[in-house]
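Thanks for coming. I have one model to go through today, and I will keep it short. Please have a look at it before I start.

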Amino acid sequence: MFTLIAWLTGLLIFGRPKVLEPSHLNDDGAGRKISLIIPARNEEKNIGKLLESISKQKTVPHEVIVVDDNSSDGTAEIVSGYNVKLVKLESDPPAGWIGKSWACWNGYLASVGDVLVFLDADVELSPEALGTIVNLQELKGGLFSVQPYHRMERFYESFSLVFNLIVVASLGNFMAGERNPPGAFGPCMVCSRSDYASLGGHEAIKSNVLDDIGLGRTFWKNGLPVSNTLGGEMISFRMYPGGIGEVLKGWGKNFAKGAGSTPPLTLIMMVLWITGVFSTFLRLPVALGFQIQFIAFIIMYLAYAVQIYLYSRKIGSFSIGHALIFPVYFLFFFYTFIYSGLRTLLFKRVSWKGRDIDV
């Protein structure tokens, strides 16, 4: 009975996913001057793909600004081959600043557009994407953000499955009854220059490890709407192409801290759902000795697999095969969460892209 209730809770958590569609496309970007701001630290493997996709946009941005955040690789050299503005930060962030926020803030200071689009360096855009998100932001107002579709090329990348589900669920705006999401999706955020400036932008959240959560909260606490959606076929990214260790460090750098930012009701429902998942496959040794219990186990196991597949395929290139081995991914999630918690609570420091970050 408990696992059934937990499974039904999953329907509430993930029940209304919103996916980006090009129905609001206007090729001239509604006459607005668009500044694309891309923070980049050691992104030589990704930045070229993003810049190529930007060059193919039907809506042409006024400017593209790449902020090279003191990279030690060939990021700047790759960027120099494109017709973009390169802002080079030659040192680590000042005391009190987190690296990404510092890079975004410097990108803003170098920009002139009345619409600001912040993009992570691993994002890729379909030709209609920029016009769509700019027009949707104008329609909805405030802060508009997109969680890109997770494009995978190797099996180890599928270990992000549970994290992707939890990130989408944690914002709560895919669940009935939640009005104010606790943040935004960091890889792609759009807002007006006037709103960003009046709220203090990234300077107002400069010490927040979770800049997307901090910026989203700043907007809705000041009475401005925050709207979030999934990238679908229009906006994608390939996360952590550097191996399973990068997956662990990438999610581990802030996941436990993110749990503390989740609204209580959403957090309780997520914990219930995750507990139900663990309960389902941990009961197998007991169920093997009893025919009725074993049949019930098989039914609930398949029910969770189907549920995970139906929702995960909306957020990434996850297959039914990935869903059928969901215990593997949840065990990795549990291990990473413990790792993140220890780094956050005991050591109060994480390492990412060659830089130590105080948390």
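Which hand does the crossing of α1 and α11 have? It is left-handed. Before I go on, a reminder that this is a predicted model. Helix α1 covers residues 2-13 and helix α11 covers residues 264-282, and their axes are 8 Å apart at an angle of about 135 degrees. That makes α1 oblique to α11.

Next, the salt bridges. The count comes to 8. I will take three pairs and then a network.

The first pair is glutamate 128 with lysine 58, at 3.4 Å from N to O. Glutamate 128 sits in the loop between β5 and α5, and lysine 58 in the loop between α2 and β2, so the bridge ties together parts that are 70 residues apart in sequence. Glutamate 128 has a relative accessible area of 22%, so it is partly exposed. Lysine 58 is at 44% and is also partly exposed.

The second pair is glutamate 63 with lysine 85, at 3.5 Å from N to O. Here the link runs from strand β2, which holds glutamate 63, to strand β3, which holds lysine 85, with the two positions 22 residues apart in the numbering. Glutamate 63 is buried, at 10% relative accessible area, whereas lysine 85 is partly exposed, at 35%.

The third pair is aspartate 120 with lysine 100, whose closest N and O atoms are 2.8 Å apart. Aspartate 120 lies in the loop between β4 and β5 and lysine 100 in helix α4, so this bridge joins parts that are 20 residues apart in sequence. Aspartate 120 is buried, at 18%, and lysine 100 is partly exposed, at 25%.

Then the network: Glu124, Arg151, Glu153, Glu157 and Arg238 are linked to one another by salt bridges.

Back to the helix that carries lysine 100. How many of the 11 residues of α4 are buried? The number is 9, and the helix, residues 99-109, is mostly covered. Among the buried ones are Trp102, Trp105 and Tyr108, along with Gly99 and Cys104.

Now the surface. A nonpolar patch is formed by Phe155, Phe294, Ile298, Leu302, Ile320, Leu324, Ile325 and Val328, with about 640 Å² of accessible area together. Helices α13, residues 291-312, and α14, residues 320-324, each supply at least two residues of this patch. The most comes from α13, with 3 residues. Isoleucine 320 belongs to α14 and is partly exposed, with a relative accessible area of 42%.

Last, a few loop positions. Two asparagines have a positive phi although neither is a glycine. Asparagine 42, in the loop between β1 and α2, has a phi of about 55 degrees. Asparagine 70, in the loop between β2 and α3, also has a phi of about 55 degrees. At 24% relative accessibility, asparagine 70 counts as partly exposed.

And is glycine 232 buried or exposed? It counts as buried, at 11% relative accessibility. Glycine 232 is in the loop between β9 and β10. Its C-alpha atom is separated by 9.1 Å from that of lysine 18, 214 residues away along the chain.

That is what I have. Questions are welcome.

Definitions and conventions. Residues numbered from 1 in each chain as written. Predicted model: local features only at pLDDT ≥ 70, side-chain atom pairs only at ≥ 80, totals over all residues. Heavy atoms only, no water. Patch = residues over 30% accessible without salt bridge, like charges linked within 9 Å, V, L, I, M, F, W, Y side chains within 5 Å. Areas by Shrake-Rupley, 256 points an atom, 1.4 Å probe, with all protein chains shown as cover. Salt bridge = Lys/Arg side-chain N within 4 Å of Asp/Glu carboxyl O. Helix = DSSP H or I, 4+ residues; strand = E, 2+ residues; numbered from the N terminus. Buried < 20%, exposed > 50% of the residue type's maximum accessible area, 1.4 Å probe, protein only. Axes fitted to C-alpha atoms, helices over the stretch in contact; angles between N-to-C directions. Parallel < 35°, antiparallel > 145°, perpendicular 65-115°, else oblique. Left-handed = near helix turned anticlockwise from the far one by under 90°.
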